[in-house]
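The following exercises concern cysteine pairing, burial and model confidence. Each task is followed by a worked solution.

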Amino acid sequence: MLHRFIAVLLSLLPVSFAAASSVTGNFIQQRALDPFKLQTGLPSAASRLVSSSELQLSVVHNNVFMGGSTLNERLILDGESSQVNLRFRHRLNQCWQVNASASWLSHSGGWFDNPVDDWHQFFGLPDAMRGETPANQLEYSYENGTERRALTDESHGWGDSQLHLQRSIGCVDNAPILRFGLKLPIGAINEFRGNGRLDAFVDLQSSWQQRAPSSRWKWAASVGALTTSGDSGQVLEQEALVGFGVIGLNARLGPRIQLLSQLDWHTAMFKSDLRELSETAVQLSLGLRYLTHSRGSWEISFSEDAVIDTAPDIVVRLAWISRFD
């Protein structure tokens, strides 16, 4: 499978490089994942700097309610998780950029259950029998035979950190980006803030495209592969290789306002017979970006699971970005 991802990455290079221009854009940088996937090294989309340095502070809150069982497995994900993410990015020169991120994680019963159930009922959407389960309870658990990993008490603390090194191919504005990254396992394993593994990834982001210089619309995509350092003794075993990517569309609504939309996807994350853990996940996000007079921006976005039960039911994100030289 690895050679297929490498082939896709390489095939994008000539097309993307030839199309490189002054058109710039940025994806929504988020890790809107369920509590098990959040412990992996699956990264947010790569960011393109428009200044020497950038600091991003974001708050992400999600509600998850899913589960299933087989002869040997049982999964329950019922609760809410919050992330406070701090990301720093610095351009070393025209070609190279380094990124570092840290996160504070919180798992709790939350307060979203009833509004989400009302939303599903109003639009006639499937809700996996939410109404038959007590509202706002916390239970994240996975059983595999005689082994079990679970969290039923609230958890707060530092999660895993990430370090990235990315190169602008061709060293020009809006060129394709090739990025390498590591997840550093510093989060507490027994509190669902880390899985004890060192994960690594590589991904390639295309240049941003638009039909004409005056067009309000621009789009881009990325594709990558994630691998893990091996078995850390966890009950839930991560796949040795996971594919992931983003397809995004930005639209200029005014001089300072942009409409954001994107699809985040990844292949099976874990070795399991449960569809929640072993099927390709797709998540749809919609948001707005407001560009400030000081070259910074504010972003607000909402995400839903486009493929049912492969991502949190609803995710809300608010981000502040400061850019400086």
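**Exercise 1.** Determine the handedness of the disulfide formed by Cys95 and Cys171 in this predicted model.

*Solution.* The torsion about the S-S bond of Cys95 and Cys171 is about 110 degrees, so this disulfide is right-handed. As for its place in the chain, the pair joins distant parts, with the two positions 76 residues apart. Cys95 lies in the loop between strand S2 (73-91) and strand S3 (96-108), and Cys171 in the loop between strand S7 (161-168) and strand S8 (177-184). The sulfur atoms are 1.8 Å apart, which satisfies the cut-off of within 2.5 Å. By this rule the count is one disulfide.

**Exercise 2.** Classify Cys95 and Gln39 as buried or exposed.

*Solution.* Buried requires under 20% relative accessible area. Cys95 has 17% relative accessibility and therefore counts as buried. Gln39, at 2%, counts as buried as well. Gln39 is located in the loop between H1 and strand S1 (53-69). Leaving aside residues up to four places away in sequence, Gln39 touches Arg149, Asp160, Lys183, Phe192, Arg193, Gly194 and Asn195.

**Exercise 3.** Identify which elements have the lowest and the highest mean pLDDT.

*Solution.* The protein averages a pLDDT of 87, and 84% of the residues score at least 70. Among the elements, helix H1 (residues 2-18) has the lowest mean, 44, and S8 the highest, 98. The pLDDT is below 50 over residues 1-6, a stretch with eight contacts beyond near neighbours in sequence. Over residues 12-22 the pLDDT is also below 50, and this stretch has 18 such contacts in the model. Where pLDDT is low, predicted coordinates should not be read in detail.

Definitions and conventions
Residues numbered from 1 in each chain as written. Predicted model: local features only at pLDDT ≥ 70, side-chain atom pairs only at ≥ 80, totals over all residues. Heavy atoms only, no water. Helix = DSSP H or I, 4+ residues; strand = E, 2+ residues; numbered from the N terminus. Buried < 20%, exposed > 50% of the residue type's maximum accessible area, 1.4 Å probe, protein only. pLDDT = per-residue confidence, 0-100. Contact = heavy atoms within 4.5 Å.
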